[in-house]
2 protein chains.
Amino acid sequence: MLQTISWTGSAARLLDQTKLPTETVYVDITDERQMWDAIKRLVVRGAPAIGVAAAFGVYLGVRQHADDSADRFLKRVDDVCAYLATSRPTAVNLFWALDRVRRAAHEIDGAASVGSSPPCHVVRDILDALLNEATLMLEEDNRVCRAIGEHGAKLIEGLKGATGRIDLLTHCNAGGLATVQYGTALAPIYVGKEKGLDLHVFADETRPLLQGSRITAYELKENGVPVTVICDSMAATVMSQGKVAAVIVGTDRVAANGDVANKIGTLQVAILAKHFNIPFYVAAPTSSIDMSLPSGKQIPIEERDPDEITRGLGRQTAPDDVEVYNPAFDVAPAELVTALITEKGVVRAPYDQTLRALFANPR
Amino acid sequence: MLQTISWTGSAARLLDQTKLPTETVYVDITDERQMWDAIKRLVVRGAPAIGVAAAFGVYLGVRQHADDSADRFLKRVDDVCAYLATSRPTAVNLFWALDRVRRAAHEIDGAASVGSSPPCHVVRDILDALLNEATLMLEEDNRVCRAIGEHGAKLIEGLKGATGRIDLLTHCNAGGLATVQYGTALAPIYVGKEKGLDLHVFADETRPLLQGSRITAYELKENGVPVTVICDSMAATVMSQGKVAAVIVGTDRVAANGDVANKIGTLQVAILAKHFNIPFYVAAPTSSIDMSLPSGKQIPIEERDPDEITRGLGRQTAPDDVEVYNPAFDVAPAELVTALITEKGVVRAPYDQTLRALFANPR
């Protein structure tokens with residue numbers, strides 16, 4: 001399987017996503033400036049992947065300074081974190097990840113200051129803690145995605161028709177290339193494939209930025225899953241032809257009532273699935289479920305640059321100065337969601353109750 | 001208003017659609033070779049417009065030969081028709097139009113052979129008949145489109161909300177640029193504007209070939225109708241926000257039971273409209289209603305070149321050799337169609353009865 005991020009022992013190896021979908025090139029990142037550049041240029045993308053990459057970036061940015069005093073070393077950790085945070089100033093998960101490794105470093109120092117370790121040992125310990133924390137974040141991402149994959153694969157297996165083949169439809173990319181390896185929406189497909197299921201996926205191209213044709217189609221193909229690219233407007237047709245057993249998508253944010261915010265076009269797919277009586281599944285790590293949000297109505301819809309639509313693909317495709325509406329997300333109301341697939345298990349309506357129970361259960 | 005085709009008195013003036021959506025350039029076509037090239041290169045496009053253009057092309061191709069004998073002249077008419085038919089070998093309306101003008105020429109000759117006109121008068125009469133027939137076809141197209149516009153505008157007027165503004169959504173281009181002037185789906189909008197309605201249109205960009213953003217947005221803007229371009233996947237969002245009072249689209253073919261074949265993506269819009277309880281209107285000249293076709297199931301769905309999806313806009317947007325499904329049309333079943341707007345009036349379910357009645361009524 002494609003590895004979005006891996007640790008070679010001396011470098012963070014990234015699959016260069018700027019080369020997709022035509023070339024598969026890995027780059028070994030060995031210092032913080034290279035990592036800043038990789039995040040900035042979208043060599044690595046997707047909230048979970050960016051977070052893990054940045055965590056390794058902090059380690060890479062301080063590992064040459066093990067001879068510094070603990071104070072100077074910690075100051076350098078803070079500086080590298082602040083520097084990496086400027087690579088994508090709107091990526092919330094980036095700040096969360098940097099904050100997490102920074103705290104890990106300061107905790108070691110705090111523990112040392114009340115103990116008796118010699119200063120050089122403290123710096124070594126902080127360095128170890130930084131690499132450990134990054135590795136831990138990578139493993140956590142894999143564990144969560146893998147668990148979603150296991151739960152989802154069981155759901156999918158139940159859809160097997162007379163031919164044994166299971167045709168799914170997905171929108172955008174909630175795949176391995178947005179995480180370390182398995183992805184969220186695509187994890188059940190990869191795990192299903194491991195278990196020997198005969199799977200085929202329709203990938204909506206996902207205008208305006210074409211994450212479906214550029215990224216989802218690429219990773220499914222590279223990982224050996226048969227995939228067919230369609231335009232977003234063709235989903236209804238393949239559904240009407242009885243070719244879709246289930247829809248499976250990711251999510252940016254789930255509200256406490258089960259409303260799902262995701263890439264623009266998800267609402268449409270959910271409505272079409274309901275019309276054709278096809279299950280609509282949402283892969284939702286518990287980290288994406290926001291219990292402080294009563295409903296999807298509270299999720300503001302970001303509007304993006306009109307040029308993504310009118311000049312998104314190399315040439316101008318609409319008249320000059322035409323009015324454009326380019327919402328980045330939409331919200332599928334809970335009544336269209338057949339089930340949420342979390343790492344803790346599959347959750348169904350009534351979501352206000354089942355989601356509360358999910359978080360009440362420590363597991 | 002933009003004139004897709006007009007007759008200057010000595011030339012057929014075409015709006016050069018290859019320059020859209022960035023430039024408005026008219027070209028005067030003065031002979032049959034220029035017309036062949038204009039049809040071939042899509043300077044003029046859309047079934048009704050191509051038919052009218054080709055009819056003028058025949059006149060332009062023979063007008064220098066008024067001194068020929070009637071036999072030689074008629075042979076030249078046939079040759080020019082055969083030549084123009086090769087400009088777009090799949091355009092059925094092109095053959096229909098050429099056949100119609102050819103028959104008009106031969107009828108004059110047939111009438112003359114039983115009469116006593118001198119030969120030079122016969123050629124003059126045929127020449128007049130050719131120009132008359134082309135002009136008649138232009139006027140017929142305008143009359144049909146205008147009548148659809150009148151009937152549709154009345155429907156639309158009834159949707160006026162509290163603010164007085166009426167927001168519509170359309171898919172693909174069934175506009176003036178596919179006909180002589182008014183179009184079919186856009187005719188009610190142009191007539192409504194003349195009547196002082198406050199109209200605004202969401203234009204689906206219509207992947208893969210972007211007729212919505214390239215052509216519909218252009219012509220609405222040029223004709224002074226406020227228009228907002230959205231991706232096809234955003235229709236559900238604007239509908240969910242209560243921003244769409246009605247959907248209005250064109251059609252390639254209507255079956256006797258009211259099933260509607262139209263550009264890919266129309267089925268999806270029809271399902272979304274039903275979900276949000278929004279009227280879904282189809283502008284359908286009676287020439288598009290095929291009473292020999294019991295239902296839409298008998299309409300074969302043409303599949304087009306995968307490159308339209310994967311390389312359609314200047315650069316490659318999907319992996320090499322990925323599987324692609326690219327149907328050109330879909331069929332919206334009659335139960336999703338609120339009404340058909342024909343030049344003879346508005347027709348509603350049960351279509352098997354109302355369509356039969358429409359054709360039974362000679363009017």
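Helices here are DSSP runs of H or I with at least four residues, strands are runs of E with at least two, and both are numbered from the N terminus. The model is a predicted one, so a few ground rules apply: local features need pLDDT of at least 70, side-chain atom pairs count only at pLDDT 80 or more, and totals for chains, interfaces and linings use all residues. Residues are numbered from 1 along each chain as its sequence is written, chains are lettered from A and ligands numbered from 1 in the order in which they are written, and side-chain values use heavy atoms, with hydrogens and water left out.

**Exercise 1. Place A:Arg102 in its chain and find its contacts.**

Step 1: Find the element. A:Arg102 sits in helix α4 of chain A, residues 92-114.

Step 2: Check the accessibility. Buried means under 20% relative accessible area, exposed over 50%, and partly exposed in between (1.4 Å probe, protein chains only). A:Arg102 has 28%, so A:Arg102 is partly exposed.

Step 3: List the contacts, meaning heavy atoms within 4.5 Å. Setting aside neighbours within four places in sequence, A:Arg102 touches A:Val77, A:Asp78 and A:Cys81.

**Exercise 2. Now go to chain B and work out what the salt bridge of B:Arg102 ties together.**

Step 1: Recall the rule: a side-chain nitrogen of Lys or Arg within 4 Å of a carboxyl oxygen of Asp or Glu. Over all chains, that rule gives 44 salt bridges.

Step 2: Find the partner. B:Arg102 pairs with B:Asp78, with the closest N and O atoms 3.4 Å apart.

Step 3: Locate both ends. B:Arg102 is in helix α4 (residues 92-114) of chain B and B:Asp78 is in helix α3 (residues 70-85) of chain B, so the bridge links parts 24 residues apart in sequence.

Step 4: Look at exposure. B:Arg102 is partly exposed at 29%, and B:Asp78 is partly exposed at 23%.

Step 5: Try another pair. B:Arg146 and B:Glu150 form a salt bridge at 2.8 Å, N to O; both belong to helix α5 (residues 119-157) of chain B and lie four residues apart, about one turn of the helix.

**Exercise 3. Describe the open sheet of chain A and the helix packed on it.**

Step 1: Get the order. Two strands pair if DSSP finds at least two bridges between them. The sheet has three strands, ordered β1-β2-β3 and paired antiparallel.

Step 2: Pick out the edges. β1 (5-7) and β3 (26-29) of chain A each pair on one side only.

Step 3: Zoom in on one pairing. Three bridges connect β1(A) with β2 (residues 12-15) of chain A, and A:Ile5 has A:Leu14 as its bridge partner in β2(A).

Step 4: Add the helix. Helix α2 (residues 47-62) of chain A packs on the sheet and touches β1, β2 and β3 of chain A.

**Exercise 4. Trace the path from β4(A) by way of α6(A) to β5(A).**

Step 1: Pair the strands. β4 (residues 165-170) of chain A runs parallel to β5(A), with six bridges between them; A:Asp167 is opposite A:His200 in β5(A).

Step 2: Get the hand. Right-handed means that, with the strands pointing away from the viewer, the path from the first strand over the helix to the second runs clockwise. β4(A), helix α6 (residues 187-194) of chain A and β5(A) make a right-handed β-α-β unit.

Step 3: Check burial. Six of the eight residues of α6(A) are buried. In β5 (residues 198-204) of chain A, six of the seven residues are buried, so β5(A) is largely enclosed by the rest of the structure.

Terms used:
Axes are lines fitted to C-alpha atoms, for helices over the stretch in contact, and angles run from 0 to 180 degrees between N-to-C directions.
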